[in-house]
Amino acid sequence: MAAQASEVDKRSSSASDMSNVQIDEEVSVPDVEVKHSPFQSQPNLRTGVLTSEEVKELGDKMRKEQAKKYFSLREGAFANAVEECKASLDAYDGELLSSWLLSEIDHWDLEKERIVLITEKSLCLVKYNFIGLKVNEMRKIPLIRCDKIQIGRFVYPKTTMMMVTGYAENSPRSKQSGMRIFFSRVEPGFFQLWNPWSDMPYFTLTSHVQSMLQDSPPDRSQHELFFKALKKAITEAREADPHQERLNNFQVGDEDLQINVYLGLGAMIYNQSGLGFCKDRGSVFF
């Protein structure tokens, strides 16, 4: 025990002596390259709340990045697409009056990118492939057959699951307005409504997503301006028709646009992923 106590006294004495040593020499640190660390790349978190200017700047930056993903919004893409669509027009359609980039909402609530052409006698709904640069499908409706235009906001049935879950009231669709163009007085049947590939006696259009991604979107992407051009073209086509007395009355009304979707799970996935648009999706394309 005496030996252990003596050893402890020696260690404490040595430690005391080292603490009193004065170090006059400067210690040099070698120049060592520090490689990138994933933890060092994390930004420093700022305390406080972002100002309104910073929020606006961040929102503008995010919208611009989103807009870059749409092939239809690239410079010259729309003009080239319209030239391709002109090749599918014939003498009956007459002169091309205006061209538009809009979104179609089908009876299953699926939103799809469309080029819409208004000619002297026809309304053309074009499914254009902005990636493959070709017309996949063109649907022509004589202007004199368009006998009703319904304008309003989109609503879902009160019994739909989308309303029960609360999605219907908080979805982007509930904040949108659009127009529905009827070209037949025949109401769609039960099997037409439940068949996602059936042709309906109307089609529904709204503004293209470009109108939400840009501060000053072009006129061609806004359905309100498209409505004015279409109404004018329909009126002129009906007045020029030699049998205009046989035509149905042309009506324009303001009322809600009901989308008869009762489950809507597929539509939510489809629309949130933007599958109806030609987009840059990394290594995956639809």
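The following exercises treat side-chain contacts in a predicted model.

Residues are numbered from 1 along each chain as its sequence is written, and side-chain values use heavy atoms, with hydrogens and water left out. Because the model is predicted, local features need pLDDT of at least 70 and side-chain atom pairs count only at pLDDT 80 or more, whereas totals for chains, interfaces and linings use all residues.

**Exercise 1. Classify the aromatic pair of tryptophan 100 and phenylalanine 226, and state which elements the pair ties together.**

Step 1. Rings of Phe, Tyr and Trp (its six-membered ring) pair if their centres lie within 6.5 Å; planes under 30 degrees apart are stacked, over 60 edge-to-face, and the rest tilted. A search of the whole structure gives five such pairs.

Step 2. The ring centres of tryptophan 100 and phenylalanine 226 are 5.6 Å apart and the planes stand at 75 degrees, so the pair is edge-to-face.

Step 3. Helices (H or I, at least four residues) and strands (E, at least two) are DSSP runs, numbered from the N terminus. Since tryptophan 100 belongs to strand E1 (residues 96-105) and phenylalanine 226 to helix H8 (residues 223-240), the pair ties together parts that are 126 residues apart in sequence.

Step 4. Tryptophan 100 and phenylalanine 226 are both buried, where buried means under 20% relative accessible area, exposed over 50%, and partly exposed in between (1.4 Å probe, protein chains only).

**Exercise 2. Determine the geometry of the pair formed by phenylalanine 183 and phenylalanine 203.**

Step 1. The centre-to-centre value is 5.9 Å and the planes are 45 degrees apart, which makes this pair tilted.

Step 2. Phenylalanine 183 lies in the loop between strand E6 (177-182) and helix H6 (190-194), and phenylalanine 203 in strand E7 (residues 202-207), so parts 20 residues apart in sequence are tied together.

Step 3. With a relative accessible area of 8%, phenylalanine 183 is buried; phenylalanine 203, at 3%, also counts as buried.

**Exercise 3. Explain why cysteine 85 and cysteine 124 are not bonded.**

Step 1. A disulfide is a covalent bond between the sulfur atoms of two cysteines. The criterion is a pair of cysteine sulfur atoms within 2.5 Å.

Step 2. The cysteine sulfur closest to that of cysteine 85 belongs to cysteine 124 and is 8.8 Å away, too far for a bond. The structure holds zero disulfides.

Step 3. Cysteine 85 is buried at 0% relative accessible area, and cysteine 124 is buried at 0%.

**Exercise 4. Analyse the salt bridges of glutamate 104 and arginine 185.**

Step 1. A salt bridge requires a side-chain nitrogen of Lys or Arg within 4 Å of a carboxyl oxygen of Asp or Glu. The structure holds nine.

Step 2. Glutamate 104 bridges to arginine 114, with the closest N and O atoms 3.1 Å apart. Glutamate 104 is in strand E1 and arginine 114 in strand E2 (residues 111-119), so the bridge ties together parts ten residues apart in sequence. Glutamate 104 is buried at 11%, as is arginine 114 at 10%.

Step 3. Arginine 185 bridges to aspartate 147, with the closest N and O atoms 3.1 Å apart. Arginine 185 lies in the loop between E6 and H6 and aspartate 147 in the loop between strand E4 (134-142) and strand E5 (148-155), so parts 38 residues apart in sequence are tied together. Arginine 185 is partly exposed, at 46%, whereas aspartate 147 is buried, at 4%.
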